[in-house]
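Colleague: I should like to learn how to read a model of this kind. Could we go through its features one at a time?

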Amino acid sequence: MRWALAAGLAAFLLAAPAAWAAPPEPDGYRLEDFRSPTPAGLAGAVTVTTAQAERLWREGAAFVDVLPRPPRPTTLPPGTIWRDTPHDSIPRALWLPNTGFGALAPQAEEYLRHGLSAATDGDTAKPIVLFCQRNCWMSWNAAKRALALGYRRVHWYPDGTDGWAEAGLPLVRAEPAAP
C-alpha cells in the first residue's frame, strides 16, 4: 500500500511540471478566458519580475494598468445608484481599463493609443511597464499592442498588482484615465 502511494505521488510530481508549464504564446491576441495562466514571456517585450518592476518604477518608467472596469449591470432599474468597485494600483500608474481585451472597438484602441502617449510623454523609446493582475491576459494583450504601436522598450509585468502587494509595495486608489 505504501509503495503504491509513493509510486503514485512520484508519478504525479514527475508529470506536474509539464502540467504547470506556461501556455505557449499565441500568434495573435488572446480573445477569451482572460483570467488564466499566461505565457512565460512576450516576443519583443521584456518580461519583468516584481523586483525588476520596482526598479523600473523607482527609475521613473511609465506604468500602465489595464485591469478591466466592470460595467454597470444592465438589469439595474433606472435611478438605481451604482458605485464602481474600488481599484488599487501601483502609484503613478495610468489606469486604462478595458484596453487589454483581444479585440478592441475603435474607441478603445484610440483610448489606449492616447493613454500610452500620455504615459510616455509621446516618447516611444521611454520604458513602459504594462500590468494587470496575475494570470491575466489583459496586460499581455496590451503589451503586444504597445509593441505594434511602435513602443520600443515595452516591459510586461505578469504578476501585476498581486505580486506588487505580496512584496509589501504600496498601492493607491486608482481612477480611470480620462478619454
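Modeller: Let us begin with the order of the elements. From the N terminus, the chain runs α-β-α-β-β-β-α-β-α-β-α-β, where helices (H or I, at least four residues) and strands (E, at least two) are DSSP runs numbered from the N terminus. In total there are 5 helices and 7 strands. Residues are numbered from 1 along each chain as its sequence is written. The model is predicted, local features need pLDDT of at least 70, side-chain atom pairs count only at pLDDT 80 or more, and totals for chains, interfaces and linings use all residues, while side-chain values use heavy atoms and leave out hydrogens and water.

Colleague: Over which residues does pLDDT stay under 50?

Modeller: pLDDT is the predictor's confidence in each residue, from 0 to 100. The chain averages 90, and 89% of the residues score at least 70. Over residues 3-19, however, pLDDT stays under 50, and the model has 1 contact there beyond four places in sequence; a contact means heavy atoms within 4.5 Å. Where pLDDT is low, the predicted coordinates should not be read in detail.

Colleague: How is a helix checked, and what span should α3 have?

Modeller: The expected span is 1.5 Å times one less than the number of residues. Helix α3 covers residues 106-120, so its 15 residues should span 21 Å, and its end C-alpha atoms are indeed 21 Å apart.

Colleague: Which residues of α3 are buried?

Modeller: A residue is buried under 20% relative accessible area, exposed over 50%, and partly exposed in between (1.4 Å probe, protein chains only). In α3, Tyr-111, Leu-112, Gly-115, Leu-116, Ala-119 and Thr-120 are buried. Seen down the helix axis, these buried residues fall within an arc of 145 degrees, so they line one face of α3; the arc is taken from the directions from the axis to the C-beta atoms. Pro-106 and Gln-107, on the other side, are exposed. The cover over the buried residues includes β2 (62-65), β4 (94-95), β5 (128-131) and α4 (137-148).

Colleague: Which residues touch the most other members of the largest nonpolar core?

Modeller: Such a core is a set of buried Ala, Val, Leu, Ile, Met, Phe, Trp, Tyr and Cys residues joined through side-chain atoms within 4.5 Å. The largest has 29 residues, of which Val-64, Val-66, Leu-116, Ile-128, Leu-130 and Val-154 touch the most other members. Two or more residues come from each of β2, α3, β5, α4 and β6 (154-157), and α4 gives the most, with 6 residues. A second, separate core of 13 residues includes Val-48, Ala-53, Phe-63 and Val-129.

Colleague: Where is Thr-99 found?

Modeller: Thr-99 is in the loop between β4 and α3. Its relative accessible area is 0%, so Thr-99 counts as buried. Its side chain reaches the backbone oxygen of Leu-96 at 2.7 Å. Leaving aside residues up to four places away in sequence, Thr-99 touches Val-66, Leu-104, Ala-108, Tyr-111, Leu-112, Ala-142 and Arg-145.

Colleague: Which value does phi of Asn-135 take?

Modeller: Most residues other than glycine have a negative phi. Phi of Asn-135 is near 55 degrees, a positive value. Asn-135 lies in the loop between β5 and α4, and its 34% relative accessibility makes Asn-135 partly exposed. Just after α3, Asp-121 also has a positive phi, of about 55 degrees.

Note on methods: A polar contact is a pair of N or O atoms within 3.5 Å; within protein, one must be able to donate a hydrogen and the other to accept it, and residues adjacent in sequence count only if both atoms are side-chain atoms.
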